[in-house]
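Q: Could you walk me through this structure and show how each label is earned?

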Amino acid sequence: MTDPVDTKAWKALTAHHAAVSSTTLRDLFSADDTRFDTFQLKAAGLFLDYSKNHITSETVDLLLQLAEESNVKRHFERMFTGDIVNPTEGRPSLHTALRNRGPEPVMVEGRDVMPDVKAVLERLRVFSERVREGSWTGFTGKAITDVVNIGIGGSDLGPLMAVEALAPFAHERLTLHFVSNVDGSHLHSTLKKINPETTLFIVASKTFSTQETLTNAHSARRWFLDSAAGEEDVTKHFVALSTNADAVSAFGIDTQNMFGFWDWVGGRYSLWSAIGLPVILSIGMDRFEQFLQGAYDMDNHARTAPLSENMPVMLALLTVWYNNFWQAHSHLIAPYDQYLHRFPAYLQQLTMESNGKSVHVDGSPVQSATGPVVWGEPGTNGQHAYFQLLHQGTHMIPADFIMAIESLNPMGIHQDLLMANCFAQSEALMMGKNKEELATEMRAAGASDEEIERLSGHRTFAGNRPSNTLLVQQVTPHALGALIALYEHKVFVEAAIWDINPFDQWGVELGKQLAKSIHAQIDKAQTVTSHDASTNGLINRALKFKNV
Ligand code: F6P
């Protein structure tokens, strides 16, 4: 693979950027009133308007050339067909097999994995139906009312986000809780709300070795056994989602109560596997299958649509355009749908754990920026918090607005206001307000010329801030599946262009190792001298506080 900076397209894009960077978005729109029709895409029920970007047809052609030179299509084929696309761990990455609704086999090491995938889905259906209908009972014979998912990272963010996003479809008797943080307050505040007789704990961990999850799971079991329950009742109240049957047994969960998945499913891509159990319990298996179908429809789009009509490819190219040519290294996700409030957090792991890399697939250092910082909050709340910086700060932060047109809880004018705010923000970011427009507005409100002059620096908006707007009819299971898969493929395409491995995460290991050794030292409660002066100082100071 050639370093992306050495491709012809990269060099042409560098020159193109120099030529077009002073043209404003206002200029582009005044010069061409067909931009909205030209720069839009449809896929799997989603509609993307990408016209409010610093692009012309020439920019798009060059970006598509970059995708061609980076062999994006071949990368997709390698992933979909089970090639080792994660070479540092020697694994394929086949989350797409988990939502494959078609008849085609998916081969790993010469074996079709689809029968195993389907068998686990069937077990999940049977189990979830028993819990939902109330025939899976707790140790006193009562139906389950509360489900506590204990997991972290990909074993938490995905199911939590999806359960919240699909709350209107939730089972009436079941309340879903999520405990992830090793901070005991997280478990404590959840345990205060539940009754051991009617609670099901799901211990979700791909490796079943994650410190936070195992600590929380052990404490939850202790709490359970401190009630009237006995050891023999654990099977009725604890199930595991994991790839590690031995560790599940060692913890004390019967592997009959374990729903497995495979090492070719990355943690942050595991929502489609047994890790989706909280979602299945909440919305039911039939709706979960619609969710899988939405993702499958997006998979087919990503795999078959030409690059120029390919939604994840286009979103990825725009990120590369801003990140590498405009030096805009931050990306906002602003969902205008309260139920999507954890979507930005979910995308943070998906994008930053995947593309936060500094070396190419072959281990050589990258020569250009990789994954941007991804963050966000739902609108309209964000407007009253950080949007000031987007409008008038010194950073250009490309934004994705995600708007669900129909509310699942229609109420008076709420939805129309929500929509109006979403469209107003992208318009304001792009158009801004110049001195003349401000002067007209202030004059009409009776301001003097002197006052207009004094305030014009503060009250004008440069505009020219780019954004995408994604429209979805309603946040249904199908739409959510398509939306998540869209971003998964976007991240994949970015990685293909940057020639980095999006499927490993070695960067999280050092902190884990050090935490282990510092924990042992805190446990011993003796003054430490083995670290740098700051870390020694902090540990010793904390030990002093602890002993007070
Ligand atoms: O800390 C990184 C990580 O390995 C994530 O990639 C993963 O989603 C999370 O920890 C949880 O891992 P596990 O499911 O094995 O407990």
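A: Gladly! Let us start with a term: helices (at least four residues) and strands (at least two) are DSSP runs, numbered from the N terminus. The model is predicted.

Q: With that in mind, where is Asn464?
A: Asn464 is in the loop between α20 (449-459) and β13 (467-472). Asn464 also has a positive phi of about 70°, although it is not a glycine.

Q: What makes Ala44 worth a look, and where does it lie?
A: Phi of Ala44 is near 45°, a positive value in a residue other than glycine. Ala44 lies in the loop between β1 (40-43) and β2 (46-49).

Q: Which peptide bond is cis, from Gly379 to which residue?
A: The bond runs from Gly379 to Thr380, with omega near 15°. Thr380 lies in the loop between β11 (373-375) and α17 (387-392).

Q: Which residues come nearest to the ligand?
A: There are 14 residues around the ligand, and Gly154, Ser155, Ser205, Thr207 and Thr210 come nearest. By class, the shell has two nonpolar, nine polar and three charged residues.

Q: What makes the approach of Ser205 to the ligand a polar contact?
A: A polar contact is a pair of N or O atoms within 3.5 Å. A polar side-chain atom of Ser205 lies 2.6 Å from an oxygen atom of the ligand, so the pair qualifies. Thr207 likewise has a polar side-chain atom 2.6 Å from a ligand oxygen. For Thr210, an N or O atom in the side chain is 2.5 Å from an oxygen atom of the ligand, so this pair qualifies too.

Q: How much of the ligand does the protein bury?
A: Taken alone, the ligand exposes 390 Å², and the protein buries 88% of that.

Q: Why do we say that the ligand "sits in" a pocket, and which one?
A: A molecule sits in a pocket if more than half of its atoms lie within 2 Å of the pocket's grid points. The ligand sits in the largest pocket, so it meets that condition there.

Q: Which residues does UniProt list for "active site"?
A: The unreviewed UniProt entry lists Glu353, His384 and Lys512. These residues are spread over 160 residues of sequence and also in space, up to 36.4 Å between C-alpha atoms. Of these residues, Glu353 and Lys512 are included in the lining of the largest pocket. Glu353 itself is in helix α16 (residues 343-355).

Notes. Residues are numbered from 1 along each chain as its sequence is written. This is a predicted model: local features need pLDDT of at least 70, side-chain atom pairs count only at pLDDT 80 or more; totals for chains, interfaces and linings use all residues. Side-chain values use heavy atoms; hydrogens and water are left out. A residue is near a molecule or strand if one of its heavy atoms lies within 4 Å of it. A polar contact is a pair of N or O atoms within 3.5 Å; within protein, one must be able to donate a hydrogen and the other to accept it, and residues adjacent in sequence count only if both atoms are side-chain atoms. Accessible areas come from the Shrake-Rupley method with a 1.4 Å probe; for residues, only the protein chains shown count as cover. On a 1 Å grid over the protein atoms alone, a cavity is a set of points where a 1.4 Å probe fits but cannot get out, and a pocket is an open set with protein on both sides within 12 Å along at least five of seven lines; lining residues have an atom within 4 Å of a point. Ala, Val, Leu, Ile, Met, Phe, Trp, Tyr, Cys and Pro count as nonpolar, Asp, Glu, Lys and Arg as charged, and the others, Gly among them, as polar. UniProt positions are given in the numbering used here, feature names are shortened, and annotations may be inferred rather than shown by experiment.
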